Amino acid sequence: MHNLTDEKLKIAISMKSLWEPMTEQQRQFFLCHLQIFEFDKDKTILNIGDTPIYLMYLVEGYMKVYAQSADERLQMIHMVEPGSFFGCGNSFFDRPYQFCVKSGVQSKAAAIPLKVIYHLIWENPSIAIVFIKELSALLGTSLSHTIAMTRKHIRGRLADSLLALADKYGMEADGSTLSICLSRQDLASLSNMTTSNAIRTLSAFAQEGILELKGRCIRFINREKLKRISELG
């Protein structure tokens, strides 16, 4: 029990923007209701049509966010990195989830009941500001991604996705290999292209000496050139 309490406190403190404005009494209330879950790879965390009950916060691993296409297939549109809230859009709009979230690897997440969040917001307006900023950031990221995916050519879109993955998840110890290894299908979905186009474009980048491909692992050889491709679109 002591270890679980310590883990809860550590996770709560890591939610810096949310934790710091709370009073000591609010922090104890928050900790009392905070729950911790571990998920195996490819586990569905949130599903389309589900009613929001919790606000989720990713502690370890990564999550894939899927939207449903017109033919009812799931297409990955976004990824969640550790230290991020997810599912908050629908949670605060009080409507069923319009997306699906799955764990990309073995992952750990914290869950806070929405009734707890609403109670804290009612007591402490500073906490409301935290979520206004969170939703604004999500909207800005979504808008930037939409503009990039509609205005840029295939090469620019894939370069964008690879650089974004590097910024979010970092590199291995060698400083040049992406620490996250995605399937070609997932890279294609993130870049709004077909899997075959993603494969061809990655191969072209490898032939041009920009990347080195080893299975799902991608090593950056010339990051500056990749940035130029992204900028030129």
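## Glu 212 and its partner

In this predicted model, Glu 212 has a relative accessibility of 27% and therefore counts as partly exposed, since that class lies between the limits of 20% for buried and 50% for exposed residues. Arg 219, at 30% relative accessibility, is likewise classed as partly exposed. The two residues are joined by a salt bridge, in which the closest N and O atoms are 2.7 Å apart.

## Salt bridges across the chain

Side chains of opposite charge can pair when their charged atoms come close. The count for this model comes to eight salt bridges, one of which is formed by Lys 64 and Asp 186, with 2.5 Å between the closest N and O atoms. This pair connects distant parts of the chain, given that Lys 64 belongs to strand β4 and Asp 186 to helix α8, with a separation of 122 residues. Both Lys 64 and Asp 186 are buried.

A further salt bridge brings together the side chains of Glu 208 and Arg 155, at an N to O distance of 3.0 Å. Here too distant parts of the chain are linked, with Glu 208 placed in the loop between α9 (195-207) and β9 (211-214), Arg 155 in helix α7 (residues 154-169), and the two positions 53 residues apart. Glu 208 has a relative accessible area of 34% and is therefore partly exposed, and Arg 155 also falls in the partly exposed class because its relative accessibility is 32%. Elsewhere, Glu 7, Glu 38 and Lys 108 are connected to one another in a network of salt bridges.

## The second largest pocket

The second largest pocket of the model has a volume of about 530 Å³. Its lining is made up of 26 residues, and those that lie nearest the centre are Tyr 66, Leu 74, Gln 185, Asp 186 and Ser 189. Two or more lining residues come from each of the elements β4 (63-68), β5 (74-80) and α8 (184-190), and among the contributors α8 gives the most, with four residues.

Sorted by class, the lining of this pocket contains ten nonpolar, nine polar and seven charged residues. Asp 186 ties the pocket to the salt bridges described above, being one of the lining residues nearest the pocket centre and also the partner of Lys 64 in a salt bridge. The elements that hold this pair, strand β4 for Lys 64 and helix α8 for Asp 186, are also among those that give two or more residues to the pocket lining.

How values were computed
Residues numbered from 1 in each chain as written. Predicted model: local features only at pLDDT ≥ 70, side-chain atom pairs only at ≥ 80, totals over all residues. Heavy atoms only, no water. 1 Å grid on protein atoms, 1.4 Å probe; cavity = no way out; pocket = protein on both sides within 12 Å on 5 of 7 lines; lining within 4 Å. Points joined across faces, edges and corners; volume = space filled by probe spheres on them. Nonpolar A, V, L, I, M, F, W, Y, C, P; charged D, E, K, R; others polar. Salt bridge = Lys/Arg side-chain N within 4 Å of Asp/Glu carboxyl O. Buried < 20%, exposed > 50% of the residue type's maximum accessible area, 1.4 Å probe, protein only.
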